[in-house]
Amino acid sequence: MDGIVVSEVSKRFGDTQVLRDVSLEVGRGEFLSLVGPSGCGKTTLMRIVAGLEGVTSGTVCIGGRDVTATRAADRDVAMVFQNYALYPHLTVRQNISVPLMMRRLRPVQRLPFAGWLSPSVRATLGAIGEDVETAARMLGIGALLDRKPAHLSGGQRQRVALGRAIVRNPSAFLMDEPLSNLDAALRVTTRSEIVAIHRRVGASTVYVTHDQSEAMTMSDRIAVMMQGVLLQVGTPDEIYGNPQDLRVARFIGSPSINQIAAHAGPDGLLCVGGVSVGLRLEKPGNAVLAVRPEDLHLASQGLAGRIEHLEYLGESLLAHVRLTEGAETVICRLSPENRTRLRPDEPVHLAFDHGRALVFAPDNRRLAARPLPSALREVARG
Amino acid sequence: MVDLSQNAALSRRHTRRIDSDTLAAWALALPAIIAYLLMILLPLLAVLALAFTDYELGARGFAFVGFDNFAEMLRDRTFAASIRNTFAYALFVVPLSIGIALLLAILIEDGARGRAFFRAALFLPVVSLTVAMATAWQYLLHPTIGPVNTILRDLGLGTPNWLGASEWVLVSLGFIGIWQNVGFNLVLFLAGLTAIPRELYSAAEIDGARSPWARFRLVTWPMLGPTMLFVVIITMTRSIQVFDTVQTLTQGGPNNASEVLLRTIYQEAFHYFRFGYGAAVTLVFLACVLVLTLIQTRLIDRKVHYG
């Protein structure tokens with residue numbers, strides 16, 4: 001495999017286990033987001049791929065080469081840091097040329113005035129200058145080349161950091177929450193620019209973020225991490241619609257997925273507060289019924305509840321409904337027309353598409369749930 | 001019309017408030033201003049005035065003598081020696097104490113353990129009493145029973161009279177000065193090093209800075225700029241102000257070989273009670289410090305703050 005392959009990597013800092021047996025493959029040219037709450041180990045995993053952190057056990061391969069013991073400088077990866085990590089004393093032009101200078105010139109040749117003495121150094125410096133110009137043009141920072149980082153805005157610094165990363169055509173691209181220091185509007189535009197740049201550069205990219213909307217919009221695949229464990233890796237579609245772990249379902253999606261405590265009787269029929277919801281499990285026991293807000297709709301019968309309050313978002317209406325059975329409040333995304341006819345405190349019934357409901361075990365595992373045939377469902381309800 | 005009068009009233013109130021703010025500001029600054037006037041500006045003016053008189057302590061009167069004191073300085077062999085020695089001492093102590101401190105600071109910062117121990121151990125000379133430590137140095141450098149010469153003798157090398165020979169005395173005092181300054185500079189450098197963002201070193205590593213030297217050139221040195229400027233100024237000033245080791249160990253001897261500016265001032269003013277001449281030497285001393293500081297801040301300050 002040509003991209004990045006992480007096999008069974010564990011990392012320990014003293015007594016704290018930060019990563020547990022993490023295995024992950026990033027295909028050539030693929031854009032993979034590593035997403036999870038802060039402290040889940042995603043940045044550590046990225047630093048291990050970069051070579052800035054060693055592993056306690058496991059291996060890392062980049063471009064078909066085992067680089068577990070190779071230092072960062074020799075791994076041919078580029079990284080964009082959260083705080084950009086630009087050299088404040090160097091101009092934009094110098095910042096972007098640093099990785100090229102370090103790689104194409106020997107220490108002696110990097111001395112000042114070496115370009116005056118040696119024609120070959122002069123030629124290399126010229127080539128470096130052209131590459132820097134090309135990268136800067138691609139990022140639209142050509143006019144800023146002679147400024148220092150202190151005189152740039154957050155968005156411009158972010159571009160310079162990107163420029164420093166793409167200028168040497170690395171085989172892997174690592175980004176550590178590169179948008180977290182930008183304001184909301186800039187974040188959305190930069191998001192699509194990074195995707196566009198990735199498409200042009202075509203290097204395998206690992207993108208660390210805690211923002212699930214970034215992960216959903218930018219990635220080919222998403223890897224969800226929690227407490228040092230990789231919970232699920234899949235396309236945004238799979239992660240959203242078919243999560244294999246309740247924690248994944250909870251983390252992805254806004255507003256968060258609704259969770260309703262449920263119980264399966266001896267016959268496997270799943271009930272909320274004694275009322276069947278038309279799903280059958282393989283085994284009896286406690287379970288969590290999870291339904292996305294947009295999969296809930298108003299019906300003449302179903303889960304009974306009372307509207308707590310309404311949030312009008314323009315394109316939709318969020319109804320917070322307190323269920324009669326059980327103590328949960330669920331959120332239901334309705335079409336905006338409902339705004340005129342619904343009032344707080346109004347009793348409602350909620351139904352959901354059985355094909356899209358998810359059921360999880362108390363230990364967060366996904367459980368298989370079969371919808372009952374509709375006739376049987378009516379009987380169960382009666 | 002109504003609007004206008006309201007505006008006028010508003011702006012009147014506005015002016016009044018600014019006035020009370022200004023008053024409050026002055027009132028708050030007043031203690032500091034008084035202290036500055038009484039304790040810094042006034043004595044300085046007194047020195048400035050005295051430098052042009054022939055005032056001697058206990059004399060009934062004094063006369064303005066113009067630039068006579070400065071003319072005397074040009075003929076004064078002791079003064080010439082003290083200027084020469086002071087600058088030689090500074091040229092020896094400043095680069096070495098800064099270089100050694102920087103090297104040690106980087107080693108300590110890189111080291112996995114013992115940071116607190118090394119920092120405390122190397123800072124010890126700064127907090128210990130120089131006069132007391134001078135006794136220890138006197139013993140260490142004693143020509144016959146001192147451990148330094150015992151070791152040199154065992155190695156079959158020469159045993160100079162470190163504090164008694166005119167060709168060695170300044171070197172010996174210089175070493176003691178370095179020993180005193182390294183700890184101080186080290187603590188400043190350690191603080192400066194801690195303030196460098198770790199991400200910059202990660203970025204340098206990713207960018208291909210393989211050797212420690214490359215990372216030093218790319219990150220440490222430029223990022224340490226403001227600290228370096230401060231350390232250079234402080235060490236320079238401290239070196240030019242050398243007095244206590246000289247006074248306790250050599251009294252400027254032998255034969256003025258370790259006479260330094262501050263000791264000359266002390267001798268003239270408090271030994272011979274020639275306040276006028278002492279004040280004139282003090283002015284020269286202050287001018288030196290001022291010029292050095294100005295050169296450094298004007299020339300270097302612009303290059304170390306990357307704003």
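This passage looks at how the parts of the structure touch one another, within each chain and between the two chains.

The model is predicted, so local features need pLDDT of at least 70 and side-chain atom pairs count only at pLDDT 80 or more, while totals for chains, interfaces and linings use all residues. Residues are numbered from 1 along each chain as its sequence is written, chains are lettered from A and ligands numbered from 1 in the order in which they are written, and side-chain values use heavy atoms, with hydrogens and water left out.

Let's start inside chain A. Its domain assignment gives domain 1 (4–246) and domain 2 (256–381), with bounds that come from an automatic or database domain assignment. The C-alpha centres of these two domains of chain A lie 42 Å apart. Where they meet, 8 residues of domain 1 of chain A are in contact with 10 residues of domain 2 of chain A, contact meaning heavy atoms within 4.5 Å. The size of an interface is often given as the accessible area lost when the parts come together. Here the buried area (the accessible area, with a 1.4 Å probe, that two parts lose on being put together, summed over both) is about 810 Å², and carbon and sulfur atoms give 51% of that. On the domain 1 side, A:Y240, A:P243 and A:L246 supply 71% of the area buried against domain 2 of chain A, more than any other three residues.

As for polar links between the domains of chain A, the rule finds 0 salt bridges, a salt bridge being a side-chain nitrogen of Lys or Arg within 4 Å of a carboxyl oxygen of Asp or Glu. It does find 6 residue pairs in polar contact (both at pLDDT 80 or more). A polar contact is a pair of N or O atoms within 3.5 Å; within protein, one must be able to donate a hydrogen and the other to accept it, and residues adjacent in sequence count only if both atoms are side-chain atoms. Helix α8 (residues 236–241) of chain A gives the most to the domain 1 side, with 3 residues.

Next comes the meeting of the two chains. Here 29 residues of chain A are in contact with 19 residues of chain B, and the area buried between the chains is about 2,000 Å², 60% of it from carbon and sulfur atoms. A:Y87, A:H89 and A:M102 supply 27% of what chain A buries against chain B, more than any other three residues. The count between the chains is 3 salt bridges; one of them joins the side chains of A:R164 and B:D207 (3.7 Å, N to O). There are also 12 residue pairs in polar contact between chain A and chain B (both at pLDDT 80 or more).

Finally, chain B is divided into domain 1 (1–50) and domain 2 (68–304), and the C-alpha centres of these domains of chain B lie 42 Å apart. The contact takes 4 residues from domain 1 of chain B and 6 residues from domain 2 of chain B. Together these domains of chain B bury about 400 Å², with 84% of it on carbon and sulfur atoms. B:V47, B:L48 and B:L50 supply 86% of the area on the domain 1 side, more than any other three residues. Across this interface in chain B the rule finds 0 salt bridges, and the count of residue pairs in polar contact (both at pLDDT 80 or more) is 0 as well.

Note on methods:
Helix = DSSP H or I, 4+ residues; strand = E, 2+ residues; numbered from the N terminus.
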